[in-house]
Amino acid sequence: MTDSAGTAASLVIVGGTVYTPHGPRDVDVHISDGVIIGLVDTKPPKGTKVLDARGMYVLPGAIDVHVHSRDPGFPEKEDFGTLTAAAAAGGVTTVIDMPNTVPGVDGAGIFEGKAALAHSKARVDYGLWGLMRSSSTAEQLEGLARAGAIGFKAYLGYAFSISRKQVLYSPDAEDPDLEAPPDYGTLLRLAPVVAALGLPLVIHAEDPGILAAFSRPIDSYADVLASRPPEAEAVAISAAAAIADSFGARLHVAHLSSALGLMAAEAAIRDGSGLTLETCPHYLWLTERDFPRLGTAMKVFPPVRTPADRDALVDGVARGAISIVATDHAPHTNAEKSRPLGEAPAGSPGVQTLYLSCLELAKRLGDVWKAPRWVCEGPAGLAGLAESKGRIAPGFDADIAIVDPRRDTVVNAPLMRSRQKHSALDGFESTFSIVDVLVRGKPVVRGGRGVGAPSGRMVAPVTATS
Ligand SMILES: [Zn+2]
């Protein structure tokens with residue numbers, strides 16, 4: 001399928017039902033040099049490679065805007081090779097990696113080193129977020145933008161170890177090595193810079209003051225919920241939106257987890273805020289009632305909450321108020337996740353189950369074709385990739401997931417491609433299966449199995465100012 005120069009030769013995907021910007025259509029997808037050149041029913045010219053997709057859905061590859069490769073920094077948890085193998089297996093053809101790798105991605109030099117490392121291992125395309133520290137300068141953010149950062153991430157309430165160059169989840173306020181977490185003052189100081197660059201600012205939205213006031217020993221899942229109340233999410237969203245909106249900065253809320261957070265966000269949007277919202281499959285499928293079954297595999301921050309929270313988020317996604325579903329794929333070692341609830345780190349692998357879980361949710365909501373909006377079109381808009389990825393249309397990259405709607409998949413964590421073999425969705429039953437996956441026309445999965453050498457490329461955003 002590839003010539004000696006490594007570029008994709010002509011290929012036609014025939015016989016499938018194709019998700020197009022105009023709805024599902026039974027057409028053939030013509031691909032040349034990794035780009036979709038037409039959706040037509042004419043016979044492919046002689047010698048063209050043909051991929052038979054009869055009975056299948058032909059979907060745009062998913063873009064997961066929220067993953068943690070752990071690379072560089074924690075190869076025992078994950079690296080770009082295992083992350084992107086899991087992504088490919090799940091029909092995710094682009095991942096956008098968070099900047100809390102080590103060293104934290106707070107400037108152009110570190111960004112470029114990480115991009116080179118990713119290039120050597122990536123099996124799907126990738127973009128990188130830059131890190132906003134409380135000490136970040138306009139020059140640092142501008143440097144990250146020039147290097148190709150998708151945007152910036154501010155971890156409200158999470159400190160930074162100066163000697164280890166690492167974002168820390170459990171800061172010890174007395175430690176002189178720790179730089180204070182970014183706060184609303186940081187956002188206010190840097191919002192004009194973010195606005196001028198035209199890139200999104202992603203926030204981990206839990207108000208640090210509320211978390212500090214409600215901190216407690218964790219012996220049960222009820223303690224987890226009591227220590228991270230939904231008001232913390234709502235307050236952080238309202239405050240950050242007020243700041244971003246005064247300067248016209250783009251704001252994006254990562255991993256929305258609560259009905260209260262959604263209400264706060266929608267109130268801001270009604271008042272004219274341009275903020276965008278993302279939630280994750282674990283908030284759409286799980287509640288506190290699943291803890292006895294799943295244990296620490298479902299320990300994430302912010303936490304999976306009540307059935308009422310889940311229902312509000314599902315409704316938010318169904319209405320389009322939440323435009324993005326991403327995974328917060330955040331592996332820790334099986335040994336780390338085996339610790340007692342209070343000590344086990346928050347986060348679990350998820351990238352491989354994104355598409356399967358969203359197709360299932362969309363189907364149950366009565367319109368399976370909504371899934372590509374949540375995992376392709378919404379994410380492409382956030383990441384500045386809406387002109388090249390996330391759609392099956394002429395001129396777009398041939399990033400494609402071919403899905404069998406007649407064959408079930410039961411999520412089996414020990415068989416997943418992530419380095420870590422646990423999942424908050426272990427045992428989940430999807431009535432779909434991912435069969436073939438193409439990245440820029442090149443197969444990375446065939447018949448459900450990973451194929452080919454790493455050939456992922458970095459993607460950079462196209463913004464109004466670029
Ligand atoms: Zn995350």
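How are the donor residues of the zinc ion spaced in sequence? The pattern is H-x1-H-x259-D. Keep in mind as we go that this is a predicted model.

Let's put names to those letters. The zinc ion is coordinated by His-66 and His-68, each through NE2, and by Asp-328 through OD, at 2.1 Å. His-66 sits in strand E8, which covers residues 62-67, while Asp-328 is in the loop between E19 and H12, so this pair ties together parts of the chain that are 262 residues apart in sequence. Are these two residues buried or exposed? His-66 has a relative accessibility of 1%, so it counts as buried. Asp-328 comes in at 10%, and because the cut-off for buried is under 20%, Asp-328 counts as buried too.

Stay with that loop for a moment, and look for His-332. This histidine lies in the loop between strand E19 (324-325) and helix H12 (334-337). With a relative accessible area of 5%, His-332 is buried. What does the side chain of His-332 reach at 2.8 Å? It is the backbone oxygen of Ala-346. There is also a polar contact of 3.3 Å between the side chains of His-332 and Arg-70. Setting aside neighbours within four places in sequence, the residues in contact with His-332 include Lys-77, Lys-337, Pro-345, Gly-347, Gln-420 and His-422. Asp-177 is another matter: its C-alpha atom is separated from that of His-332 by 24 Å, and the two residues are 155 apart along the chain.

Now for some empty space. There are 3 cavities of 30 Å³ or more, and the largest has a volume of about 100 Å³. Here we meet a zinc donor again, since Asp-328 is one of the residues lining that largest cavity. Others in the lining include Pro-281, His-282, Val-300, Thr-327, Ser-348, Thr-353 and Leu-425.

Finally, turn to the nonpolar side of things. The largest nonpolar core has 99 residues, and the members that touch the most others are Val-95, Leu-141, Leu-187, Leu-201, Leu-275, Tyr-355 and Val-375. Which helix gives this core its largest share? That is H13, residues 354-364, with 7 residues. Val-375 makes a handy place to zoom in: leaving out residues up to four places away in sequence, Val-375 touches Ala-62, Ile-63, Val-325, Leu-354, Tyr-355 and Cys-358.

How values were computed:
Residues are numbered from 1 along each chain as its sequence is written. This is a predicted model: local features need pLDDT of at least 70, side-chain atom pairs count only at pLDDT 80 or more; totals for chains, interfaces and linings use all residues. Side-chain values use heavy atoms; hydrogens and water are left out. Helices (H or I, at least four residues) and strands (E, at least two) are DSSP runs, numbered from the N terminus. Buried means under 20% relative accessible area, exposed over 50%, partly exposed in between (1.4 Å probe, protein chains only). Contact means heavy atoms within 4.5 Å. A polar contact is a pair of N or O atoms within 3.5 Å; within protein, one must be able to donate a hydrogen and the other to accept it, and residues adjacent in sequence count only if both atoms are side-chain atoms. Donors are N, O and S atoms within 2.8 Å of the metal (3.2 Å for Na, K and Ca); water is not among the atoms, so sites may look incomplete. A nonpolar core is a set of buried Ala, Val, Leu, Ile, Met, Phe, Trp, Tyr and Cys residues joined through side-chain atoms within 4.5 Å. On a 1 Å grid over the protein atoms alone, a cavity is a set of points where a 1.4 Å probe fits but cannot get out, and a pocket is an open set with protein on both sides within 12 Å along at least five of seven lines; lining residues have an atom within 4 Å of a point. Grid points are joined across faces, edges and corners, and a volume is the space filled by probe spheres set on the points.
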